[in-house]
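Reader: I am in my first year and still learning how to read a model that holds more than one chain. Could you take me carefully through the place where the two chains meet, and then show me what else deserves a look?

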Amino acid sequence: MTTIAVLGATSGIAQACLRAWLGPEVSFRLSGRSPQALDRVAADLRTRGGDTVHVETAVHDLTDTASVVEAVDWIFGRGEVDIVLVAFGTMPSQEDADADPQVAAGLLTVNGSATVLAAHLVALRLLERGTGRLAVIGSVAGDRGRASNYLYGSAKAMVATAVGGLQHRAAGTDVRITLVKPGPTSTPMTDHLRGGKLKLASPDAVAADIVGAVEAGRQVVYTPSKWRLIITVIRLLPRPIFERSRL
Amino acid sequence: MRTTTHGWGRYPVVETEVHRPRTYAAAAAALDAGPLIARGLGRSYGDSSLAPRQLDLTGLDHLLAFDPATGLLTCEAGVSLATVMDTMLPRGWFPPVTPGTRYVTVGGAVASDVHGKNHHKHGSFTDHVTSMKVLLGTGEIVETSHTAHPDLFRATCGGMGLTGVVLEVTFRLIPVRSKNVDETVVKAPDLTAALDALEEHDKATYTVAWIDLLARGSRLGRSLVMAGEHAEDGDLAADRSAASARVPFDTPSPLLNKVTVSAFNRLYYARVRKPLTHHTVGYEPFFHPLDAIADWNRLYGRRGFVQYQFVTPLEAGSDVVREAIRRVADAGLASPLAVLKVFGPGNDNHLSFPTAGYTLALDFKADQRAYALCDELDQLVIAAGGRLYLTKDARMSPETFAQSYPRLAEFEDVRRRYGAVGVFASAQSRRLGVT
């Protein structure tokens, strides 16, 4: 029996991962913010998986310290866990964040410090046990600050640095920690971007990459994989050229 | 967000603003900004899922409950039949009705009341639906079934999304022992032989005739008649294969022309050497041969194509079908995908297409000659008391529609009663006078 826990289980990428992880010997522990959405995700997994799938859910806000601590306590309080995915996040538009400092602050907290805190607390538990897998959703946006999404990007850069530190800390143990850097993916978070110039990746393709990377214990996975190249080019663009671009 | 969309036939193309709800509440909220039409995977051929505002339901993709005691599956409307097959076939369950592609949503299957090769035995899709949740024009979400708001149920099944937005559907799956189908193929040298073979095999669960519309004279209506039953061999592993080929771009001058189609048809027909063959095939090649080629609709080139499917009542006899086939064959317009089937009795829904009779499905590259031929065929079909399938239509006149769908007035009454007027409309419904 494999037990998989997800923080932010109703996110589009998390749901696709959950469906990819479905199998005869799998048990899920799902934490999310919206009880209605969480119920649908749980019903979906039970219906797809049949009688053999075990799903537990709990509602946690995941926007402040206390609720993150509570969610991690809940996950590990229910018994041993083999794989944890930290997938919660928000993506308000840059315009909304410009107009309201509260929106900007919330974006930084949820995608940055709350995510880092969750990854840190989960890693401590796994290290205590000496084994387990942790995957944290970062973003290609964290690789270089860009005018269109530097607030979101800076929060994800914080996550990348923290995961790097956790990987360092876990070196030599049987704990594997994966930083996932998805390119723009078609999920509820990006519904407002659909139909624009950007081609959004399918959550199923991204999930397949994540599941594979976690299985292999890889440290960083760009998904779809072309984003490793794209972002390398963006990172290497000389400043005068970069500043004339609209990225 | 604003974009351009088209149906599977790639004609017509319209400007649209797409809303993609992830919750029922978000779907209801989208009604505030003006009239719209719901859309799933966009496999209807013409303009029935097109409108200046479209509600893309593919974000509502959760399975919600399954009861192995009854076979009843409840799911959100954006779930595809492909998902139903992938998840339920390994456990021995199959959709009760499947059209020629599995990439349709359950909501779309309800709105079009789709039919398959088993219509003569098991009716159309909504004959297996027990209840639905429908978002009305008033913003209210109601449960409807044969007993709860039965008028709404009859109008919504086959109602092309014009009574409300289907959000959730409960329907009955059928138990199967195999992913495979035992298929019998009869080589019919002409139309009479094809119709005889269809009649002879009407005890089979699935029957269909593939007609070579380019054969003329004494070979007019030359067909392969296929009959199938779910196999009993216990092999249930779903063919999770994605499309094995893809048409990557619009073919500049359409690849489908009289020469290539004729060659293809001759080869297809000649491939089957014996007059009668039996073999076992997977469910994908049996039900959805074209799904193996992603975006096959691009083969017709940028201008798209027109599907034409009619049904004429049994009483009118097979002469109407014969005459239609003769005219298409005489016109020499490439139509590689012609399918003939004998429908069983229709149901009590106001706009459902199937009715006891002969149905013929053709497609043409969209051009003036094809439209002229369709106009001619319209006359033939209407005179015989038949009708056209809305899901494949992009060109029918409001007069033809009113003449051939006698329960249109009842349908309009239901729309008025449930607040649908002025809220749900498609490019097709506006063309046909339902607004």
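**Where chain A meets chain B**

Author: Chain A and chain B bury about 1400 Å² between them, and 46% of that area lies on carbon and sulfur atoms. Please keep in mind throughout that this is a predicted model. On the two sides of the interface, 16 residues of chain A are in contact with 19 residues of chain B.

We can next ask which kinds of pairs join the two sides. Between chain A and chain B the count is three salt bridges, and across their interface there are 10 residue pairs in polar contact, with both residues at pLDDT 80 or more. On the side of chain A that touches chain B, helix 1 and helix 2 (35–49) of chain A each supply at least two residues, and helix 2 of chain A gives the most, with seven residues. Sorted by class, that side of chain A has three nonpolar, seven polar and six charged residues.

One residue to find in your view is A:R40, which forms a salt bridge with B:E76, where the closest N and O atoms are 2.6 Å apart. The side chain of A:R40 also meets that of B:E168 in a salt bridge, at 3.6 Å from N to O. This second pair crosses between chains, running from B:E168 in strand 10 (residues 165–172) of chain B to A:R40 in helix 2 of chain A. For the wider setting, a search of the whole structure finds 37 salt bridges over all chains.

Helix 1 of chain A, which we met at the interface, also has a partner within its own chain. Two packed helices are described by the angle between their axes and the distance between the axes. Helix 1 (residues 12–21) of chain A packs against helix 7 (residues 203–216) of chain A at an angle of about 60 degrees, and their axes are 8 Å apart. The crossing of helix 1 of chain A with helix 7 of chain A is right-handed. From helix 1 of chain A the contact is made by A:G12, A:I13, A:A16, A:C17, A:A20 and A:W21, while helix 7 of chain A brings A:P203, A:D204, A:V206, A:A207, A:I210 and A:V211. By class, this contact has 10 nonpolar residues, one polar and one charged.

Finally, some details of the backbone can be looked up in the loops. In chain A, the peptide bond from A:T223 to A:P224 is cis, with omega near -15 degrees, and A:P224 sits in the loop between strand 7 (220–223) and helix 8 (226–236) of chain A. In chain B, a cis peptide bond joins B:Y11 and B:P12, with omega about -5 degrees, and B:P12 is found in the loop between strand 1 (2–6) and strand 2 (13–19) of chain B. B:D113, a residue other than glycine, has a positive phi near 40 degrees, and B:D113 lies in the loop between helix 3 (106–111) and helix 4 (119–122) of chain B.

Definitions and conventions. Residues are numbered from 1 along each chain as its sequence is written. Chains are lettered from A and ligands numbered from 1 in the order in which they are written. This is a predicted model: local features need pLDDT of at least 70, side-chain atom pairs count only at pLDDT 80 or more; totals for chains, interfaces and linings use all residues. Side-chain values use heavy atoms; hydrogens and water are left out. Axes are lines fitted to C-alpha atoms, for helices over the stretch in contact, and angles run from 0 to 180 degrees between N-to-C directions. Helices (H or I, at least four residues) and strands (E, at least two) are DSSP runs, numbered from the N terminus. A crossing is left-handed if the near helix is turned anticlockwise from the far one by less than a right angle, and right-handed if clockwise. Contact means heavy atoms within 4.5 Å. Ala, Val, Leu, Ile, Met, Phe, Trp, Tyr, Cys and Pro count as nonpolar, Asp, Glu, Lys and Arg as charged, and the others, Gly among them, as polar. Buried area is the accessible area (1.4 Å probe) that two parts lose on being put together, summed over both. A salt bridge is a side-chain nitrogen of Lys or Arg within 4 Å of a carboxyl oxygen of Asp or Glu. A polar contact is a pair of N or O atoms within 3.5 Å; within protein, one must be able to donate a hydrogen and the other to accept it, and residues adjacent in sequence count only if both atoms are side-chain atoms.
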